Amino acid sequence: MVKYIGKRIIYMFITMFLIATATFFLMQTLPGSPIQSYSKLNDTQKAIVEKKYGIDKPKPVQYAIYMKNLAKGDLGTSFAFKGKSVNDLLASRMKPSFILGIQAMVFGTIVGILLGMIAALKQNTFWDYGSTFFAILGISIPSFVFATLLQYYVGSQWHLLPVGLWNDGWKSSILPSLALAMGPLALSARFIRTEMIEVMGSDYITLAKAKGASGFEIAFKHAFRNALIPLITVLGPVAAGLVTGSLVVEQIFAIPGIGEQFVSSIMVNDFATIMGTTLFFSAFLIVVIFIVDILYGVIDPRIRVAGGKA
Amino acid sequence: MSKILQVKDLELSFHTFAGEVKAIRGVNFDLNKGETLAIVGESGSGKSVTTKSIMRLLPESSSEFKNGEILFDGKDLTKLPEREMQKIRGKDISMIFQDPMTSLNPTMTIGKQIMEPILKHQKVSKAKARKVAIELLNMVGIPNAENRYKMYPHQFSGGQRQRIVIATALACNPQILIADEPTTALDVTIQAQILELMKDIQKKIDTSIIFITHDLGVVANVADRVAVMYGGMIVEIGTVDEIFYNPQHPYTWGLLSSMPSMDLNEEKLYAIPGTPPDLLNPPKGDAFALRSEYALKIDMEQPPPFFRVSDTHYAATWLLHPQAPQVEPPAGIIERMRTFPGSRYYEATGGRA
């Protein structure tokens, strides 16, 4: 197991290296340059700025310098945010994004699982159709539409919660979290429903019933864990969806998170910030997928990695 | 012998989109204490449904008891509330299924699965339940039970898993053990081991077994009595010798003739022609008449009642009616009957007697 984890961590670094390289060169193909917004400067002044940020050097040299700094954990200096380091920028913006992401993920999967369980155990009843309808809504309505609806009704019409911004403590996080949670919620509900129905029809469930287990024990002690396996598999991509969703949702709710900063840094060709944020998202995703793989083995002993043979 | 279970006039239907499927159409049998009753018949004859209905394991939404009763311990199981049934399942009556590869929960250690009925039905501590579970594993022949107790089903072979399922079924010393084709999914050598194990255990804990199978070789090996089912009914019931050496029903003849035999040098193995009856629209008379070369005119009109052959042997065929014409059973069956005292072909000089 230790060997497996070690191996996975090495792979994670290789993946990060490849992503950093690809992003670096892809970004060079973006139209415009970081200093095009400094339009008031004359050519000499521009040259000074370019020299200051090191973008006057040939691309391979820039790449080498960037990678060298990256290895030390230094993401460079932002072009747009007046000499602030990207590390500082990310750190100051991380908290809201992190809170939103975690809340949306936890709320979405828990409620989704509950809805899915109810639908499966009360198959073809009002409960089933209700939860299915809800799940289809969640899958088909994009998070920004849902976000806008929440803002309009809950925020602006009923004045229950703040419409946006990040200045009212936990209250500010509720609406954006809800908007983000719809995706994972709907997906979990669909997966758990399908899987529970399948598992409830299997032989070991009949055997559990033949042992005298009650309906509740069968559903939660026997069926649930087995129904969870496919859901765990898709939770990684769901987390990815949450990241991309948060780009838009943070923008809509004007939340000073990483997503919001990412979008604005792309607008102004702030190369260092784009790189830094991309790498941060990638690292996040890679870690989530890694955790999912480990969880997989925790839930299903058949997938557990046998001491280093993997 | 005391009767431990009585099934009387049991009728059960499934409600499907196509209509009402009459899966069990009047089944009667008793189970005596300590005996093994084999229920044989082809797929769809209602053997599994009969036993699942005893444990009430059929989906309540689509199945319905139309008539009859299942008497156990003074209670009619067809009318017992689900909560009461849960107290009987796994404690007084337990069950072994056909496929050991799918009948264990893949995400639960086998120890937990064996302990489950113990903790559910007996007021014992976890440590005690654990001890019992390890004893059970030893009894069913899982070596090194102390350590293997914490393992998951996928770490065991098919035969071992069936042993584990048996251990689970025996956890509360049930009065009745229902084995639904417990050896069908196993290869022949393992089959023999599992049958030996079941016989051993029966001696040890004195339980009654209902053994469902379509393998007559297995029946001869384990059963005391045999019930032959066809089209949702029992067509012949008797002791194992009576069914094997003095069969009366043409369907039993067909079953026995289609069993490969070492003694008979026949080139071609006999197969019963036709297909099982459609239980959506069950036939009016004898369900087997359309496939039987021995069918009489009355077989098309009226279902035959049970005729007594001996105190333990009954068969539902019009051929046993006093006015029925004498028919010759197939040659292989006559061969069998020659050895059975009391059959009409018995020869005192015959081999077996």
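Start at the hairpin in chain B: select strand 4 and strand 5, which have two residues between them. Click on D73(B) in the turn, and you'll find a positive phi of about 55°. Bear in mind as you go that this is a predicted model. Strand 5 covers residues 75-76, and its pairing with strand 4 is antiparallel, over two bridges. To see the two strands face each other, pick L71(B) and look across to D76(B) in strand 5.

Now keep strand 4 (residues 63-72) selected and add strand 1 (residues 3-16) of chain B. These two run antiparallel as well, joined by eight bridges. A handy pair to label here is V7(B) and I70(B), which stand opposite each other.

**Zoom out to chain B**

Show the whole chain as a cartoon. Chain B has twelve helices and twelve strands. Its C-alpha trace spans about 65 × 45 × 35 Å along the principal axes. How does its radius of gyration fit a compact globule? With 353 residues, such a globule would have a value near 20 Å, and chain B has 21 Å, so the two agree. Of those residues, 46% count as buried. If you look at contacts with a separation of 6 or more, 64% of them are between residues 24 or more positions apart.

**The eight-stranded sheet**

Next, colour the strands of the open sheet in chain B in the order 6-7-8-3-9-10-12-11; the pairing is mixed. Which strands sit at the edges? They are strand 6 and strand 11 (307-308) of chain B, each pairing on one side only.

Inside that order, select strand 10 (residues 233-239) and strand 12 (residues 314-315) of chain B. They pair in the antiparallel sense over two bridges. Label E236(B) and you'll see A315(B) in strand 12 opposite.

**Into the core**

One step along from E236(B), stop at V235(B). Leaving aside its neighbours within four places in sequence, V235(B) is in contact with eight residues you can light up in turn: V228(B), M229(B), Y230(B), H249(B), Y251(B), F288(B), A315(B) and A316(B). V235(B) and V228(B) are the residues with the most contacts inside the largest nonpolar core, which has 152 residues. Which element gives the most to this core? For that, jump over to chain A and select helix 7 (residues 170-200), which supplies 14 residues. As background, nonpolar side chains in soluble globular proteins tend to be buried together.

**A buried isoleucine**

Back in chain B, go to helix 12 (residues 331-337) and pick I333(B). Is I333(B) buried or exposed? It counts as buried because it has 22 C-beta neighbours inside 10 Å. Not counting residues up to four places away in sequence, I333(B) touches P247(B), W253(B), L256(B) and S257(B). Try a distance label to N246(B) too: the two C-alpha atoms are separated by 8.1 Å, with their positions 87 residues apart along the chain.

**Where the chains meet**

Last stop: show both chains and select the contact, which takes 24 residues from chain B and 18 residues from chain A. On the chain B side, helix 2 (82-88), strand 6 (93-96) and helix 3 (110-121) each supply at least two residues. Helix 3 of chain B gives the most to that side, with four residues. Colour the chain B side by class and you'll get eight nonpolar, ten polar and six charged residues. Strand 6 turns up twice on this tour: it is an edge strand of the open sheet, and it supplies residues to the side that touches chain A.

Key: Residues are numbered from 1 along each chain as its sequence is written. Chains are lettered from A and ligands numbered from 1 in the order in which they are written. This is a predicted model: local features need pLDDT of at least 70, side-chain atom pairs count only at pLDDT 80 or more; totals for chains, interfaces and linings use all residues. A nonpolar core is a set of buried Ala, Val, Leu, Ile, Met, Phe, Trp, Tyr and Cys residues joined through C-beta atoms within 7 Å. A residue is buried if 20 or more other C-beta atoms lie within 10 Å of its own, exposed if 12 or fewer, and partly exposed in between; C-beta atoms are placed from the backbone. Two residues are in contact if their C-beta atoms, placed from the backbone, lie within 7 Å. Ala, Val, Leu, Ile, Met, Phe, Trp, Tyr, Cys and Pro count as nonpolar, Asp, Glu, Lys and Arg as charged, and the others, Gly among them, as polar. Two strands pair if DSSP finds at least two bridges between them. The radius of gyration is taken over C-alpha atoms; the globule rule is 2.2 Å times the number of residues to the power 0.38.
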